[in-house]
Every structure is written in C-alpha cells, then in structure tokens.
Amino acid sequence: MDPISPARLDDPLASAREATAEMLTQRSRHFSLPQPFYNDARLFALDMQEIFEKEWLFAGMTCEIPAKGNYMTLDVGDNPVIIVRGDNGRIHAFHNVCRHRGSRLCVSDKGKVAKLVCPYHQWTYELDGRLLFAGSDMGANFDLAAYGLKPVNVRSAGGYIFVSLAEAPPAIDDFLESLEHYLAPYDMDNVKVAVESSIVEQANWKLVIENNRECYHCNAAHPELLNSLQEFDDSEDPRATPAYKALVARKQQQWDAMGVPWQLRRLSKRNRLTRTPLLEGTVSMTVDGRPACRKLMGHLPNADVGALRILHLPNSWNHFLGDHAVVFRVMPLGPQQTVVTTKWLVHKDAVEGVDYDATQLRRVWDATNEQDRRLAEENQRGINSKGYEPGPYSETYEFGVIDFIDWYSESLLENLGHTAPNLRVVEG
C-alpha cells in the first residue's frame, strides 16, 4: 500500500464542502437550515474551519488582563490560544503551543507570569513571543529567533478583545471605532469582572445564537428578564407600538442631554449597536428593576440609560446598563455542544457586599441562561428527529434570526469559495 502523503490529507472534507455549498445555494430564505447544519460532524468541522477559524471572535475583556504578565486562554475548537499583556500595555495573542514538542504553555484559564514557560521542558518565551531559552542540549548552532511563538491576530477596543486565527481576517475597524464611541461613557479602563459563569448547552452553536436573536419565546420562558426588558429588539422593530415609539423618543432626548450615544448602527449583518429603553420605571436588568450596584459605571450621570445592546457575530451579545454590564461569549465544543460564558461587569472600585451583592447582580441572567439552555436543548432534540424539516421564520418576530442565518450562509459560502446566491423566498 502506498504511504499516505500530507497532500492526500489536505482536505478530507472536500466532498462535504461541495454538499454544504449546494444546500446553502438551494435553501429557502426565511426558513431554518437543513438538519445536517445542526448535527452533522462534518458540517461542524466546516463551521470551525470556515467561520470560527476565519472570523473575528470575542475572546474577553481588557480588564481581565490589566497589567504586564496577565494572561487569559481560549480554545477555538482544537486551537488553544493565549492572550497576554506585554510591555507598554500592548496585548499579544499566540497559539498556545510550544515550538519544541507542541505542549500547551498555559494550562489555566487566567493567570500572571513573568515569562511564558512551557511546563514540559521549560522552553521560555518573552511576553512578545520571542524564544529566550531552550537549554544547552539543542546545540551551539540552535537559532532561538527561528522558534518564537506563532502569533494570532488580536485587536481591542472599548474594553473588548477580539482574536482571529485567519491569515487575512475580515475588516473590523468600523466596528472597533463604534465600540469606542458607544462605550466611552462607561470608561471601560475602569471596570472589572464581578462574577462569571459558564454553562454547557447540549445544542449546536447556531441554535444558541438563533434563540438569542428573537424574543418570540420570551413571554412564555423568561419571567425574570421581562421584569425590566422590552421585547422590542431595537428602535426599528416592526412590532413596535405607538406607546413604545413615544417612550423611545422621550428617552432619546434625555440620552442626548446626557451625552450618551443611542443611535441604531448596523455594520452589515455581523454587528449591531443600539440603545433601547427598559420598561417604564426600571433602570436595570434586575428582578425589581432597581440598580444592582450602587456605584455607576464610568461617567454616567444616573442609572436611567436604558440598555445598550451590542451584537457581534458569530459569538457574542451584550447588554450595558447604567450600573453594570452583562457580556456573553459563545464557543462551540462539538456538533451538539456549546459553552456559553457570561461575565457581569461593574465599576472597578465597586466593593462586593458594600456596593453590590453578586447573587442579586446575576440572578436575572442566571435564570435566563438556564431557561435558554433548556429551550436550545429541546430544539436540538427535535431537530435530530427524522421528522424534522426546515420550518418558516416569522419576518415580524424572528427577523433577527433571519439576519443571522443570512449572515452565516453568506459567510460560509464566501469562505468556501462560492458566491452567495439570491436565495429563494418561499411564501407561507
């Protein structure tokens, strides 16, 4: 038998690529995706290669690595990544892989180091990735400069850190500039993570995002959240009532007077920023609608600034209130398994037990996350049935889901080397 050459292993998913492109070009817009997109291992591998290894991913917050030597780690499928603060406040990102034998360098989620030292054979790297020490056993002619850590693209803005494993990542400057503008009142250099949670959902990552992109299910599923949240997605929501539109106009005048940005901004279908009012008489996403933290964020004059909603596909949605913020990160673990990480941010000088109670701070979104987990998992179980076929989305209630699936389909087709077609619209 002929030996297997690397060339023959280059693309074991070649047939899956063609089948996937064909399904996407033939799908009906405004309908959910064919079953394999939600449960097939080969399609999941394509999602990882063509979406999560090529797009900009939300990794974490700059406040989590505040000083030189602070680091955080992230797994993008089979690709461990390390993000570290170096000299002059610069943030670096690298493949978390030693150049000697391939061991992971940093095995904790977060930490602080003077240098990056491999635990296997103690190869030592500077925080900027340069190899400093490989021991004398490598020989007198060993070139340290040839074995620095492999870099990962990293950008930061508005307190957020994004990474991309692509050689040539998509443009992100407009979104980063928007983040800086909308988050300026929150003084993101002076926030901290008050509490954090991660839950594993037995559902495909797209089902997790789809569930987030609509509030069609909110009345039946999220009593705690609806104590403060308006169901309307943004100021242009087609379901918006005259009363809601009047509330929006009144609040926008107040926000203008405060110098707080509120304008709806869409950057293709990948990113969106908008400020929407909470229910009348509430100022925070808490069970009683009152602030969960006495010390407000940044330079905000009062807590009544509604909810600044930030969407970043493929893996993050966010809510910024006057007293705290809630940021979400979605990372796929398998065809039917996804981890959702939630972080609650407060002013860095806020003292737990004095200015805020962590249990009260997280109560609404702990409940909502658990409710959404159950919904996504039941959705997955039904989709796995031979009785499943793509079903129609509501253009009124599920326009956010339609936008997400359009973005996903167009991005995957483009990254697969195909042109996105004019998708069929099937009238229901």
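Two strands count as paired if DSSP finds at least two bridges between them. The exercises below apply this to a predicted model.

**Exercise 1. Work out how strand E3 is placed among its neighbours, and which residue stands opposite Tyr71 in E6.**

Solution. Begin with the strand itself: E3 covers residues 70–76, and 6 of its 7 residues are buried. Next, take the partner strands in turn. With strand E4 (residues 79–85), E3 pairs in the antiparallel sense over 6 bridges, and within that pairing Val76 has Asn79 as its bridge partner in E4. With strand E6 (residues 110–112), E3 is joined by 3 bridges, again with an antiparallel course; here the residue opposite Tyr71 is Gly111. Finally, look at the turn: the hairpin of E3 and E4 has 2 residues between the strands, and Gly77 takes a positive phi near 60° there.

**Exercise 2. Describe the largest nonpolar core, and state which residues in it touch the most other members.**

Solution. The largest nonpolar core holds 72 residues, and those touching the most other members are Val76, Ile83 and Tyr408. Among the elements that supply this core, helix H9 (residues 399–415) gives the most, with 8 residues. A second core, of 30 residues, lies apart from it and includes Ile172, Trp262, Met297 and Phe320. To see the surroundings of one central member, set aside the neighbours of Ile83 within four places in sequence; its contacts then include Ala59, Ile65, Tyr71, Met72, Ile91, Ala93, Ile161 and Val163, and also Asn70 and His92. As a general point, nonpolar side chains in soluble globular proteins tend to be buried together.

**Exercise 3. Decide whether Arg239 is buried or exposed, and find which residues it is in contact with beyond its neighbours within four places in sequence.**

Solution. First locate the residue: Arg239 lies in the loop between helix H6 (218–221) and helix H7 (242–258). Then apply the cut-off, by which buried means under 20% relative accessible area; because Arg239 has 16% relative accessibility, it counts as buried. Its contacts, with neighbours within four places left aside, are Glu231, Phe232, Asp233, Thr396 and Tyr397. For Tyr397, the separation from Arg239 is 158 residues in sequence, whereas the C-alpha atoms are 7.5 Å apart in space.

**Exercise 4. Identify what caps the N-terminal end of H3, and list the buried residues of that helix.**

Solution. The cap is Asp40, a side-chain oxygen of which lies 2.9 Å from the backbone nitrogen of Arg42. Helix H3 spans residues 41–52, and its buried residues are Leu43, Phe44, Leu46, Asp47, Met48, Glu50, Ile51 and Phe52, a list that holds the acidic residues Asp47 and Glu50.

**Exercise 5. Give the strand order of the open sheet that contains E8, and name its edge strands.**

Solution. The order is E7-E8-E9, with antiparallel pairing. Strand E7 (116–117) and strand E9 (131–133) are the edges, since each is paired on one side only. Strand E8 (residues 124–125) meets E9 over 2 bridges, and Tyr125 has Leu131 as its bridge partner in E9.

**Exercise 6. Judge whether the overall dimensions of the protein agree or disagree with those of a compact globule.**

Solution. For 428 residues, a compact globule would have a radius of gyration near 22 Å, and the protein has 23 Å, so the two agree. Its C-alpha atoms fill a box of roughly 75 × 55 × 35 Å along the principal axes. Buried residues make up 53% of the 428 residues, and of the contacts with a separation of 6 or more, 67% are between residues 24 or more positions apart.

Technical notes:
Residues are numbered from 1 along each chain as its sequence is written. This is a predicted model: local features need pLDDT of at least 70, side-chain atom pairs count only at pLDDT 80 or more; totals for chains, interfaces and linings use all residues. Side-chain values use heavy atoms; hydrogens and water are left out. Helices (H or I, at least four residues) and strands (E, at least two) are DSSP runs, numbered from the N terminus. Buried means under 20% relative accessible area, exposed over 50%, partly exposed in between (1.4 Å probe, protein chains only). A polar contact is a pair of N or O atoms within 3.5 Å; within protein, one must be able to donate a hydrogen and the other to accept it, and residues adjacent in sequence count only if both atoms are side-chain atoms. The radius of gyration is taken over C-alpha atoms; the globule rule is 2.2 Å times the number of residues to the power 0.38. Contact means heavy atoms within 4.5 Å. A nonpolar core is a set of buried Ala, Val, Leu, Ile, Met, Phe, Trp, Tyr and Cys residues joined through side-chain atoms within 4.5 Å.
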